[in-house]
Amino acid sequence: MERNELADFLRRRRASLQPENVGVPAGGRRRTPGLRRFEVAQLAGMSPDYYARLEQGRGPQPSVSMLSALARALRLTIDERDHLFRIAGHHAPPRVGGDEHVSRGLLRMLDGLRGLPALIASDLNIVLTQNPMADALLGVQTRFRGLARSCTYRWFTDSEMRGRYLPEDHEHESRAQVDDLRATLAVRPADPLVGKLIGALREESPEFAELWARHDVAVRRSDRKRILHPVVGLIELDFDILATARQDQRLIVYSPAPGSGAVSQLELLAVLGQERFAPSGTDPRGEARTDRHLPS
């Protein structure tokens with residue numbers, strides 16, 4: 001780990017970003033160019049003190065998942081991300097199937113959707129980043145570890161996740177999840193990460209195993225979701241997906257039908273801010289537990 005190189009790189013990339021580049025309110029007059037340290041920390045989901053120590057060249061070595069979060073927060077290109085990993089003492093992630101680096105373009109689109117819940121997910125249904133409205137609607141979906149990072153895995157193994165949807169919608173959602181995962185397998189048939197997720201689900205969920213045996217396949221592009229929210233109640237939203245050219249990452253947007261009650265419900269969520277969820281299966285520090293592990 002090259003602490004001084006890392007500190008200088010982080011400072012320079014932070015100074016090159018303006019609040020409007022990342023969807024952050026500009027606020028009052030800024031004495032120095034670029035984002036403030038606490039804004040980068042907030043975007044990356046880490047403590048401001050931890051980030052400050054990294055910029056000062058006295059922090060501990062960041063983990064791979066922390067570096068990925070910093071790369072997204074600082075809107076790094078894939079070459080800049082690889083450089084960040086190297087000076088932090090890690091091998092750069094592969095640039096083929098399973099790469100979770102989100103492009104600047106996709107992040108800019110996410111930043112522009114301030115009034116609607118939106119997130120960016122991988123083709124394994126792993127949420128890579130989400131906007132504050134998605135936090136308020138769904139809770140923070142990036143806090144999980146191991147296989148539980150995949151929403152598909154949690155759908156078939158975590159009853160609490162299912163509890164946020166009407167029971168009569170469960171069968172449809174299960175089929176959609178399985179059909180979409182089989183489409184991902186068709187694109188990445190030799191990827192060990194895909195195989196590990198499928199193997200675990202076939203072992204742990206009889207429902208998944210039964211649906212998987214049908215060999216149905218369909219990429220999910222749009223849908224309608226009815227979500228049971230603990231504050232605003234049942235909210236019905238359209239669910240649209242814009243995929244990248246490689247189909248490995250998706251921008252997912254939730255939107256209300258014009259004139260529906262969901263319009264005012266989303267307005268209320270925007271006022272209330274992030275809903276604080278306390279999911280089961282977390283340790284005292286708030287980190288989700290799982291017995292199996294995928295690379296972070």
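Two rings of Phe, Tyr or Trp form an aromatic pair if their centres lie within 6.5 Å. The exercises below apply this and other ideas to a predicted model.

**Exercise 1. Find how many aromatic pairs the structure holds, and classify the pair Phe 208 and Trp 212.**

Step 1. A search of the whole structure gives four aromatic pairs.

Step 2. Take Phe 208 and Trp 212. Their ring centres are 5.4 Å apart, and the angle between the planes is 20°. Planes under 30 degrees apart count as stacked, so this pair is stacked.

Step 3. Place the pair. Both residues belong to helix H12 (residues 206–212), where they are four residues apart. That puts about one helical turn between Phe 208 and Trp 212.

Step 4. Check burial, for which the cut-off is under 20% relative accessible area. Phe 208 has 0% relative accessibility, so Phe 208 is buried. Trp 212 has 7%, so Trp 212 is buried as well.

Step 5. Look for a further ring. Phe 156 joins Phe 208 and Trp 212 in one aromatic cluster. Phe 156 is also in contact with Phe 208.

**Exercise 2. Decide what kind of pair Phe 239 and Tyr 254 form, and which strands the pair ties together.**

Step 1. The ring centres of Phe 239 and Tyr 254 are 5.2 Å apart, with the planes at 65°. An angle over 60 degrees counts as edge-to-face, so that is the class of this pair.

Step 2. Phe 239 sits in strand S4 (residues 233–243), and Tyr 254 sits in strand S5 (residues 249–255). The pair therefore ties together parts that are 15 residues apart in sequence.

Step 3. Phe 239 and Tyr 254 are both buried.

Step 4. Now look for a charge over a ring. Lys 225 lies over the face of Phe 239, 4.5 Å from the ring centre. Elsewhere, Arg 154 lies over the face of Phe 144, at 3.8 Å from the ring centre.

**Exercise 3. Describe the surroundings of Pro 117.**

Step 1. Pro 117 is in the loop between helix H6 (104–111) and strand S1 (118–122).

Step 2. The relative accessible area of Pro 117 is 0%, so this loop residue is buried.

Step 3. List partners beyond four places in sequence. Among them are Asn 131, Met 133, Ile 252, Tyr 254 and Leu 266.

Step 4. Tyr 254 is 137 residues from Pro 117 along the chain, yet their C-alpha atoms are separated by 5.4 Å.

**Exercise 4. Name the residues that touch the most other members of the largest nonpolar core.**

Step 1. Recall a general tendency. In soluble globular proteins, nonpolar side chains tend to be buried together.

Step 2. The largest nonpolar core has 47 residues. Ile 120, Leu 137, Leu 181, Phe 208 and Tyr 254 touch the most other members.

Step 3. Helix H11 (residues 192–204) contributes the most to this core, with six residues.

Step 4. A second core is separate and has 25 residues, including Leu 10, Val 24, Leu 74 and Phe 85.

**Exercise 5. Work out which helices pack against the buried residues of H3 and H2.**

Step 1. Helix H3 (residues 48–55) has Tyr 50, Tyr 51, Ala 52, Leu 54 and Glu 55 buried. They pack against helix H1 (3–16), helix H2 (37–44) and helix H4 (64–73).

Step 2. In H2, the buried residues are Glu 39, Val 40, Ala 41 and Ala 44. Their cover includes H1, H3 and H4.

Step 3. Look just past each helix. Gly 45 follows H2 with a positive phi of about 75°. Gly 57, just after H3, takes a positive phi of about 75°.

Terms used:
Residues numbered from 1 in each chain as written. Predicted model: local features only at pLDDT ≥ 70, side-chain atom pairs only at ≥ 80, totals over all residues. Heavy atoms only, no water. Helix = DSSP H or I, 4+ residues; strand = E, 2+ residues; numbered from the N terminus. Buried < 20%, exposed > 50% of the residue type's maximum accessible area, 1.4 Å probe, protein only. Contact = heavy atoms within 4.5 Å. Phe/Tyr/Trp six-rings, centres within 6.5 Å; stacked < 30°, edge-to-face > 60°. Lys NZ or Arg CZ within 6 Å of the ring centre and 35° of its normal. Core = buried A, V, L, I, M, F, W, Y, C linked by side-chain atoms within 4.5 Å.
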